[in-house]
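Trainee: Got a minute to go through this model with me? I'd like to talk about its cores and helix packing.

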Amino acid sequence: MDTNDDLYSYLQGARETLLWKLDGLDEYDVRRPMTPTGTNLLGLVEHSARSHLMYFCDVFDRPQDPSLRWLSDVTPGSDMWAKHDESTGAIVAAYRRSWQLADETVMELPRAACGRVPWWGDDRVTIERVVVHLTGETQRHAGHADIVRELIDGSTGLLNGFDNLRVGDPAARARLHDEIERAAQTAANR
């Protein structure tokens with residue numbers, strides 16, 4: 001497998017989208033819980049960095065950067081948010097470094113290389129299956145981040161400058177929202 005594969009390009013796109021959702025926000029906004037379960041932008045990035053290290057390094061017995069060991073020190077329920085003493089810059093740098101380590105694993109191992117994911121209960125998994133899994137997981141979290149960012153300041157879109165929702169005008173968005181609300185109420189009242 002190589003990092004130019006179409007599948008891998010989807011993983012890289014999701015990584016970039018996840019980081020872009022932090023752009024222009026202050027420390028409070030990147031950390032603030034926006035759902036009852038506490039979902040927040042910086043926590044999604046930290047979780048994704050941790051997932052990259054677990055799946056691409058631990059699963060295939062690959063070396064990890066010792067400076068990222070703090071990402072492994074997790075207690076249940078603490079892996080989706082950033083502590084007050086964890087800087088945004090450090091988390092973003094850790095995420096970018098986790099990509100590099102993942103990319104090295106993908107480039108250096110053959111497509112059929114096998115590893116073990118103990119938390120799945122599987123004896124063996126191929127690197128290709130792990131790439132598929134992490135692509136899906138990272139895309140999912142990029143979608144979470146898109147919604148969280150929209151709740152914070154109304155920003156939407158796949159990447160900076162590409163509003164794939166195509167409703168950039170605030171007045172048009174309000175009209176669309178109202179139309180959808182009317183449809184929901186009409187359906188509920190039938």
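Mentor: Sure, we'll take the core and then a helix pair. It is a predicted model, where local features need pLDDT of at least 70, side-chain atom pairs count only at pLDDT 80 or more, and totals for chains, interfaces and linings use all residues. Residues are numbered from 1 along each chain as its sequence is written, and side-chain values use heavy atoms, with hydrogens and water left out.

Trainee: Which residues touch the most other members of the largest nonpolar core?

Mentor: L19, L22, L41, V45 and Y95, out of 25 residues. Such a core joins buried Ala, Val, Leu, Ile, Met, Phe, Trp, Tyr and Cys residues through side-chain atoms within 4.5 Å, buried being under 20% relative accessible area with a 1.4 Å probe, protein chains only.

Trainee: Which helix gives the largest share of this core?

Mentor: Helix 3, with seven residues. Helices here are DSSP runs of H or I, at least four residues, numbered from the N terminus.

Trainee: And what does L22 touch?

Mentor: Leaving out residues up to four places away in sequence, L22 touches V30, L41, L42, V45, V92 and R149. Contact means heavy atoms within 4.5 Å.

Trainee: New topic: at what angle do helix 1 and helix 5 pack?

Mentor: About 30 degrees, with their axes 8 Å apart. Axes are lines fitted to C-alpha atoms over the stretch in contact, and angles run from 0 to 180 degrees between N-to-C directions. The two helices are therefore roughly parallel, a label for angles under 35 degrees.

Trainee: Which residues of helix 1 meet helix 5?

Mentor: Among them are L7, Y8, L11 and W20.

Conventions:
Buried means under 20% relative accessible area, exposed over 50%, partly exposed in between (1.4 Å probe, protein chains only). Angles under 35 degrees count as roughly parallel, over 145 as roughly antiparallel, 65 to 115 as roughly perpendicular and the rest as oblique.
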